[in-house]
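Trainee: I have a chain to go through with you. Can we take it question by question?

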Amino acid sequence: MTTVTLTPQIEEEIELQEKLYPVRENWHLLKPYLNDKDVQAVLNEAMTAFCEEHTKYGKMWTPGDAPWEYTTSDYWVMRIDEVIEKDEQYHTELEALDKEWVSKTGLEEDDLWDNDEYREEWGLLQEEYYKKHSPKEGTMEWYQFIHGCHWINQFTAALVSKALNVEACVWETTKHTCATFVKDNVVYFADVQLEWENLQELLDFMAEGEEVDFYEIF
């Protein structure tokens with residue numbers, strides 16, 4: 001049971017349920033607020049703080065940047081490459097490129113990689129399809145800064161606060177960070193960075209770390 005103050009004179013004990021707030025399922029409700037000035041201010045401040053704290057990555061946040069591009073592992077590279085490998089048009093163009101260079105140079109296909117000009121054209125083809133299959137602005141993926149939960153979920157809290165007209169907080173442990181808010185006597189937990197099967201999975205993951213902070217975003 002949780003004590004909720006209804007007025008300065010009245011207190012009532014209300015049992016609050018806990019639920020996962022599935023960000024992807026509700027993206028249509030959140031998306032109109034992505035460019036809200038207060039939401040953007042929180043995003044810019046959080047991402048700038050990350051860059052100032054982790055200067056070894058050699059990047060500094062500029063407003064309008066894609067948060068997913070600040071991921072410090074090969075998560076997105078591998079994920080995008082997997083999609084490229086399933087793209088039939090890519091393989092059609094790659095096969096045509098290889099045939100062109102075999103005809104032009106007289107080299108065996110296996111030897112093309114030794115040719116600098118071929119590697120340059122191959123690289124341009126890869127770049128074209130990498131951009132094609134990269135997260136697009138306005139999508140949830142655009143904001144999935146993997147390994148950056150302590151920063152990007154400040155943005156999550158700001159976004160749900162504006163979109164749902166609630167007071168949202170940031171809950172941080174040494175293991176993970178998520179946003180949380182109360183609406184209609186339900187405590188919700190939201191995470192734009194990772195997608196969870198159920199609330200218990202998220203809570204168990206959070207519990208693997210020690211409590212760090214719990215604070216309102218606005």
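Trainee: Leaving aside its neighbours within four places in sequence, which residues is Trp 27 in contact with?
Mentor: Keep in mind that this is a predicted model. Contact here means heavy atoms within 4.5 Å. Set aside the neighbours within four places, and Trp 27 touches Leu 34, Gly 138, Thr 139, Met 140, Tyr 143, Leu 159 and Val 192.

Trainee: How many residues does the largest nonpolar core have?
Mentor: Trp 27 is among the residues with the most contacts inside that core, along with Tyr 21, Phe 155 and Phe 181. Helix α6 gives the most to this core, with nine residues. The core's full count is 51 residues.

Trainee: Which residues are in the other core?
Mentor: That core lies apart from the largest one. It has nine residues. Among them are Trp 171, Phe 189, Leu 199 and Leu 203.

Trainee: How many residues of α6 are buried?
Mentor: α6 covers residues 149-164 and reaches 21 Å from first C-alpha to last, close to the expected 22 Å. Asn 165 follows, with a positive phi near 55°. As for cover, buried means under 20% relative accessible area. By that cut-off the helix is mostly covered, and the count is 15 of 16.

Trainee: Why is strand β4 called largely enclosed?
Mentor: Look at both faces. In a regular strand the side chains alternate between the two faces of the sheet. In β4, Ala 168, Val 170 and Glu 172 point one way, Cys 169, Trp 171 and Thr 173 the other, and all are buried. The strand is largely enclosed by the rest of the structure because its buried residues number six of six.

Trainee: Which residue stands opposite Glu 172 in β5?
Mentor: β4 and β5 run antiparallel, joined by five bridges. A hairpin of three residues links the two strands. Opposite Glu 172 stands Thr 177.

Trainee: And which residue in β7 stands opposite Val 170?
Mentor: β7 covers residues 211-216. Five bridges join β7 to β4, and the two run antiparallel. The residue opposite Val 170 is Tyr 215.

Trainee: What is the radius of gyration of the chain?
Mentor: Start with the box: the C-alpha atoms fill roughly 90 × 35 × 35 Å along the principal axes. A compact globule of 218 residues would come out near 17 Å. The chain's radius of gyration is 23 Å.

Trainee: What share of the residues is buried?
Mentor: The secondary structure comes to seven helices and seven strands. The chain has 218 residues in total. The buried share is 42%.

Notes: Residues numbered from 1 in each chain as written. Predicted model: local features only at pLDDT ≥ 70, side-chain atom pairs only at ≥ 80, totals over all residues. Heavy atoms only, no water. Buried < 20%, exposed > 50% of the residue type's maximum accessible area, 1.4 Å probe, protein only. Helix = DSSP H or I, 4+ residues; strand = E, 2+ residues; numbered from the N terminus. Pairing = 2+ DSSP bridges. Expected span 1.5 Å × (residues − 1). Core = buried A, V, L, I, M, F, W, Y, C linked by side-chain atoms within 4.5 Å. Rg over C-alpha atoms; globule rule 2.2 N^0.38 Å.
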